[in-house]
Every structure is written in structure tokens, then in C-alpha cells.
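User: I've got this model open and would like a close look at one part of it. Could you take me through it in plain bench language?

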Amino acid sequence: MALWAGALTADAVALEARKVAQAEDEPVGQPSPMDAGGTATVTSLHEWRLAHLPPDTRPLPSVTHYDRLFRRRRASGGEHREGEAQ
């Protein structure tokens, strides 16, 4: 088949040889999953990797440090003029 398709690379020949070997191993009379008429589900590699990640047990990030800095600045900033940003 690879020769017929014009793909004379080692990968294409190995793929076709693997297909033939698998076809010889399958029992005769058993329909393949693709012949069953069912729909095949294709999952992207990215989705599969995300589904197999361990749970993240880290605490959520906190911005309380920055909140404290803003409170100090307002307390020591004194009065602000009209039209200025606070």
C-alpha cells in the first residue's frame, strides 16, 4: 500500500507492515470497532493530559499583602485634591 501511494519512507512501510500484522492477528468474522457503525470518540492529547493531572492542593494566591500596602499609603497620604486619583 505504501508503494502504491508513492510513500517510500521507512515510517510508511513500517506502518503498513504493522497494519498487515494486526489484520493477521484479528480473528476472522469479528467486525472491527469502526465497522460496527458506532461513533468513535477522539480526544485531543491536550485534553487527555489535563484529565490525567494530579489534583492541585496548593492554596489559592492571596493579595492581602498588597491590600495592606494600599491602606498604609492612604493613611499617610493626607488630603487629596479634587480631580486627583486616589
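Which element of the protein chain has the lowest mean pLDDT, and which the highest? After that, please zoom in on the salt bridges and tell me what else sits on the surface.

Analyst: Bear in mind that this is a predicted model, so confidence comes first. Helix 1 (residues 2-5) has the lowest mean pLDDT among the elements, at 60, while helix 3 (residues 45-51) has the highest, at 88. Across the protein chain the average pLDDT is 74, and 58% of the residues score at least 70. Where pLDDT is low, the coordinates shouldn't be read in detail.

Now the layout. The protein chain has 4 helices and 0 strands, so to speak an α-α-α-α run when you start from the N terminus. Just 3% of the 86 residues count as buried. The chain exposes about 8,900 Å², with carbon and sulfur atoms supplying 57% of that area.

On to the salt bridges, of which the structure holds 2. Take Glu 16 and Lys 19: their side chains meet with an N to O distance of 3.5 Å. Both residues belong to helix 2 (residues 10-25), and because they are 3 residues apart there, about one helical turn separates them. Their surroundings are worth a look too. Glu 16 counts as buried because its relative accessibility is 18%, and the cut-off for buried is under 20%. Lys 19, at 44% relative accessibility, counts as partly exposed. So this bridge pairs a buried Glu 16 with a partly exposed Lys 19.

The other bridge joins Arg 58 to Asp 56, with the closest N and O atoms 2.9 Å apart. Here both Arg 58 and Asp 56 are exposed.

Last stop, the nonpolar side of things. Val 63, Tyr 66, Leu 69 and Phe 70 form a nonpolar patch on the surface, and together they have about 410 Å² of accessible area. If you want one residue to click on, try Phe 70, which lies in helix 4 (residues 64-77). Phe 70 has a relative accessible area of 48%, so it is partly exposed; to count as exposed, a residue needs over 50%. Residues qualify for a patch with over 30% relative accessible area, and Phe 70 has 48%.

Technical notes
Residues are numbered from 1 along each chain as its sequence is written. This is a predicted model: local features need pLDDT of at least 70, side-chain atom pairs count only at pLDDT 80 or more; totals for chains, interfaces and linings use all residues. Side-chain values use heavy atoms; hydrogens and water are left out. Patches are made of residues with over 30% relative accessible area and no salt bridge: like charges are joined within 9 Å, nonpolar side chains (Val, Leu, Ile, Met, Phe, Trp, Tyr) within 5 Å. Accessible areas come from the Shrake-Rupley method with a 1.4 Å probe; for residues, only the protein chains shown count as cover. A salt bridge is a side-chain nitrogen of Lys or Arg within 4 Å of a carboxyl oxygen of Asp or Glu. Helices (H or I, at least four residues) and strands (E, at least two) are DSSP runs, numbered from the N terminus. Buried means under 20% relative accessible area, exposed over 50%, partly exposed in between (1.4 Å probe, protein chains only). pLDDT is the predictor's confidence in each residue, from 0 to 100.
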